[in-house]
Structure formats: C-alpha cells, structure tokens
Protein chains: 2
Amino acid sequence: MGRWEPDAAGRLREAAMALYAERGFDGTTVADIADAAGVTARTFFRHFADKREVLFAGSEQLEQHMVLALAEAPTEATPMEAVAAAVLASAEFFDGMRRDYSRRRAAVITATPELRERELIKMATLTSSLTKGLLDRGVAPDVAALAAETGVAVFRVAFERWLVEPDSVLIADVIRSTLKTLSGLTA
Amino acid sequence: MGRWEPDAAGRLREAAMALYAERGFDGTTVADIADAAGVTARTFFRHFADKREVLFAGSEQLEQHMVLALAEAPTEATPMEAVAAAVLASAEFFDGMRRDYSRRRAAVITATPELRERELIKMATLTSSLTKGLLDRGVAPDVAALAAETGVAVFRVAFERWLVEPDSVLIADVIRSTLKTLSGLTA
C-alpha cells in the first residue's frame, strides 16, 4: 500500500457498507466501492478477494481469537467452561466501535441469500475449529462436538440479541445471560 | 405418473445416489440419472426440481414431522422437553431402512461444497421452524431461539454419531444419550 492510501481497507469497508445498504449487495460492483472510497479497483483487490469478502474479512480474526481463548482456558475447566471462555472472548472483538458496523452488516446479510449462506458456512467453520480445540484438550469426540455446537448456538443467540439491545448493554453481559438461560433450559 | 413407472421417484433416487458415489455429484447430469433409472429427463423433472433436490426432497417431510411433534408435546412440557420430543420424533423418520441411504447421502454431501451449503441452509430452516413452534407455545423469544438452536445441535451430533454406529444401534437411543450428555455439559 502506498502512503497516499491511509487505511484504504477501512475506507473500502465503509464505502461498501454504505453502498450495500443503499443499492443492495447485488446492485453494487467492486468498481462502485473503489470509486466511493477514492481508490482504484486494483487497490480494492489488494485488500479483499471480492465484494463478499469485505463483509467477512473480520470473521477469521474472530475465529482465531475464540480458538485461542479456548486453548488458554485453565486445564481444569470443563468442556463447557472452556467453550464459554471462547464465546466470552468474542466480546473483546465486538467492542463499542463495532456495534453500529455489526448492525449494518447484519441488515445486508439478512437481505442477501448468498451472504446468509456464507454466514452459515462461517459458523460451521467456527464450530469445527472449536471442536478441534476441545479434542486437543483431550475431550471425548461426542462431547467435544456437542459442546462446540452448543457454544456456537449461544454465540448466535447472544449476538442477535445484542444487536437489538440499547447501546449501553455490553455483549459480554448478553453472553453471560444466554449461558445462564442455557443452564436453566437443560437442567 | 403413468402406470408404467412404478416408484419412479424411488428408482431415480437410487440411480442418483449410485452415480453420485461413482462419478461425484458434479460429474453427474440429470440425463445420466434418468437413463440409469430407465425413465426420461421429463419424468425426472416431474419428481425433482434439479439433481440437488433428489438428495433434499426428504428434508421437508422430516422438518414437518419434527415441528408437529413439538406442537403436540404436552402443554406442561418445558421448552427443552418440547424440543427433545421434536428431535426424538426424527427417529421415526430414520427407521432401519434409511441408515444405509443416510450414510451414502452423507458421503456425497461431505464431498461436495455446494451440497454442504444446502445442508447448512436446511438446518437453519429447521432451527427457524422449531423457534416459531416454541413461540407458538408461548415461550419467550430468547429462550425459544436458544432451545431450538440447542435442539438442532443435539440432532446434528446424534445423527453424525448414528451414521458410524453399528447397525444394531437405534437413532432414538443415540439421541437420548446425546440429550443426557447435554444436561451433563451445562449442569
């Protein structure tokens, strides 16, 4: 990246989000996004593989962050405690600055079948990674798969709820409350 | 359907599965499937919208069956008991005759990204339908979403396990054991 393009990725992301909201994902081209961000299409492709990846580039970081938290959970943590640590770690990722972005992103995804599919795949990948992390901790395969699936279920439900909560509500608190609901459900 | 085509749908399904296993999903055409089943492509399209739907035609029946079981659970059942009833009802769908078919189907789906996506969408649709069923029972939205997600997690894990169990193991028993694992996990 040249020094005449400070935070081109951030500007491209903002431009893409504004255009997706205005014209829809299908009605927006890479050229439109690059134009709106004041860069060339070539610069766009230095940062993102395609117009879909603008919305999913953060997903891998989130997954790595959660998998790391799982690995770093105390040795004596139960499988579900380790998964809960991973889900809670996502709160550090979705700090105050990301809520507005997350809301706009969710609206675009909900409106576009192709993006909904991509989001489902992302969640399935996260589930596999958490399952693998649990296996690495010595958890039995059936328990690992179920704990990972359940953890991702908690994450999805908590995340959806957080998006519609007032700005003062922290995602960490929504996750804790969802984990508590889960215990109550299966008691 | 003419009377010269007894169970054309069943023969098409068998022919498709054999070809998918042999040549891969992408390497098989509707014409190949129709040929192998001894019918015309026109007959194929009377039964299935496309070659993908051959594998997913049963999914809607399964979903309806599970949603009905949820609705018919006793009024006093907790949300998770009602969801457990729905998941257990899937056992009636996967009777002894379907295990071999299910195994071959799972192998084809695992090998084909497009089909894996379709399967994820199917599971997301099932989750939405169970959530709606719980809302209809008067369950609070957050609890309904979490109970439905958790129920589908149990279904997925139990189903995967059942596919690799010896033939004498019933899916209903695997589901019960998975539900028990879940209680232990979140206790």
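Visitor: Let's start with Glu149(A). Which helix is Glu149(A) found in?
Guide: Keep in mind that this is a predicted model. On chain A there is a helix covering residues 141–164, and Glu149(A) is found there. That helix is H8.

Visitor: Is Glu149(A) buried or exposed?
Guide: Its relative accessibility comes to 14%. Buried means under 20%. Therefore Glu149(A) counts as buried.

Visitor: What residues does Glu149(A) touch, leaving out those up to four places away in sequence?
Guide: Chain A supplies Thr127(A). The others on the list belong to chain B. So that you have the full set, Glu149(A) touches Thr127(A), Ala153(B), Arg156(B) and Val157(B).Visitor: How far apart are the C-alpha atoms of Glu149(A) and Ala124(A)?
Guide: Along the chain, Glu149(A) and Ala124(A) are 25 residues apart. In space, their C-alpha atoms are separated by 8.7 Å.

Visitor: Which helices do Arg105(A) and Glu119(A) sit in?
Guide: The side chains of Arg105(A) and Glu119(A) meet in a salt bridge, 3.0 Å from N to O. The pair links distant parts of the chain, 14 residues apart. Both residues are buried. Arg105(A) sits in helix H6 (residues 96–111) of chain A, and Glu119(A) in helix H7 (residues 113–136) of chain A.

Visitor: Over on chain B, is Glu14(B) buried, partly exposed or exposed?
Guide: Glu14(B) forms a salt bridge with Arg104(B), with the closest N and O atoms 3.1 Å apart. The two are 90 residues apart, with Glu14(B) in helix H1 and Arg104(B) in helix H6 of chain B. The relative accessible area of Glu14(B) is 40%, and partly exposed lies between 20% and 50%. Therefore Glu14(B) is partly exposed.

Visitor: And is Arg161(B) buried or exposed?
Guide: Arg161(B) forms a salt bridge with Glu165(B), the closest N and O atoms being 3.2 Å apart. The relative accessible area of Arg161(B) is 18%, and the cut-off for buried is under 20%. That makes Arg161(B) buried.

Visitor: How many salt bridges does the structure hold over all chains?
Guide: Side chains of opposite charge can pair when their charged atoms come close. Some join up in a network, as Glu14(A), Asp100(A) and Arg104(A) do. Over all chains, the salt bridges number 28.

Visitor: Which residues does Phe155(A) touch, not counting those up to four places away in sequence?
Guide: Nonpolar side chains tend to be buried together in soluble globular proteins. The largest nonpolar core here has 78 residues, and Phe155(A) is among those with the most contacts inside it. Phe155(A) touches Leu62(A), Met66(A), Val87(A), Ser90(A), Phe94(A), Met123(A) and Leu126(A).

Definitions and conventions. Residues are numbered from 1 along each chain as its sequence is written. Chains are lettered from A and ligands numbered from 1 in the order in which they are written. This is a predicted model: local features need pLDDT of at least 70, side-chain atom pairs count only at pLDDT 80 or more; totals for chains, interfaces and linings use all residues. Side-chain values use heavy atoms; hydrogens and water are left out. A nonpolar core is a set of buried Ala, Val, Leu, Ile, Met, Phe, Trp, Tyr and Cys residues joined through side-chain atoms within 4.5 Å. Buried means under 20% relative accessible area, exposed over 50%, partly exposed in between (1.4 Å probe, protein chains only). Contact means heavy atoms within 4.5 Å. A salt bridge is a side-chain nitrogen of Lys or Arg within 4 Å of a carboxyl oxygen of Asp or Glu. Helices (H or I, at least four residues) and strands (E, at least two) are DSSP runs, numbered from the N terminus.
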